[in-house]
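Work through the two exercises below with the sequence and the coordinates at hand, and attempt each task before reading its solution.

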Amino acid sequence: MKILLLNGPNLQLLGSREPGIYGSNTLQAIVDETVALGRELDCEVVAFQSNIEGELVSRIGNAKVDDFDGIIINAAAYTHTSVALRDAISAVALPTIEVHLSNTASREEFRHHSFIAPVCTGVIAGFGKDSYLLALRAITAKIRREKE
Ligand code: DQA
């Protein structure tokens, strides 16, 4: 099994970015832990971060050709703005989980709406780095169930 882990804008700053909200883990530490859990779950996790919307759109669009079984995405601020990401997720039609470190529902009003949630399999938010680990467990279980 192969899972694409996408991280959007400003997440390269994790560790020093608003630690009261996002915690003190760097993105690399979160990715490393998710990749390690993937090994336990017999699943290859391939991570990509970009601040550029179109690069994320292209990675999603190529996900089937690139042999991925599912996608975990923290689209960061593009969650709340991007029709292009929503259309890409909808078009590629792979199991996709939206994740957030913070609980976006308890923050500013503009973070309450997600353009991508309606085309995702599910959303996990508010658990810091555990949001990624929970998402990996959930998506691998779902894909395995569907393959049975
Ligand atoms: C975030 C929440 C978004 O609202 C914000 O724009 C981010 C990070 C999170 O992981 O909590 O950049 O996606």
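The exercises that follow concern a predicted model, and they treat its sheet and then its ligand.

**Exercise 1.** Determine in which order the five strands of the open sheet are arranged, and which strands form its edges.

*Solution.* Step one is to follow the pairing across the open sheet, which gives the order E2-E1-E3-E4-E5 with parallel pairing. Step two is to look for strands that pair on one side only, and these edge strands are E2, covering residues 44–49, and E5, covering residues 122–125. Step three adds the geometry: neighbouring strands of this sheet are turned against each other by 20° on average, with direction ignored. Step four examines one pair in detail, since strand E4 (residues 96–100) and E5 are joined in the parallel sense over four bridges, and Glu98 stands opposite Val123 in E5.

**Exercise 2.** Establish which residues surround the ligand, and how much of the area that the ligand exposes when taken alone is buried by the protein.

*Solution.* Step one is to list the surroundings, which include Arg17, Tyr22, Asn74, His80, His100, Ser102, Arg107 and Arg111. Step two turns to polar side-chain atoms and the oxygen atoms of the ligand: an N or O atom in the side chain of Arg17 is 3.0 Å from one such oxygen, while the corresponding distance is 2.8 Å for Asn74 and 2.7 Å for His80. Step three considers area, for the ligand taken alone exposes 320 Å², of which the protein buries 99%. Step four places the ligand, whose space is the largest pocket.

Terms used:
Residues numbered from 1 in each chain as written. Predicted model: local features only at pLDDT ≥ 70, side-chain atom pairs only at ≥ 80, totals over all residues. Heavy atoms only, no water. Pairing = 2+ DSSP bridges. Helix = DSSP H or I, 4+ residues; strand = E, 2+ residues; numbered from the N terminus. Axes fitted to C-alpha atoms, helices over the stretch in contact; angles between N-to-C directions. Near = heavy atom within 4 Å. Polar contact = N/O pair within 3.5 Å; in protein donor to acceptor, adjacent residues only side chain to side chain. Areas by Shrake-Rupley, 256 points an atom, 1.4 Å probe, with all protein chains shown as cover. 1 Å grid on protein atoms, 1.4 Å probe; cavity = no way out; pocket = protein on both sides within 12 Å on 5 of 7 lines; lining within 4 Å. Sits in = over half its atoms within 2 Å of the grid points.
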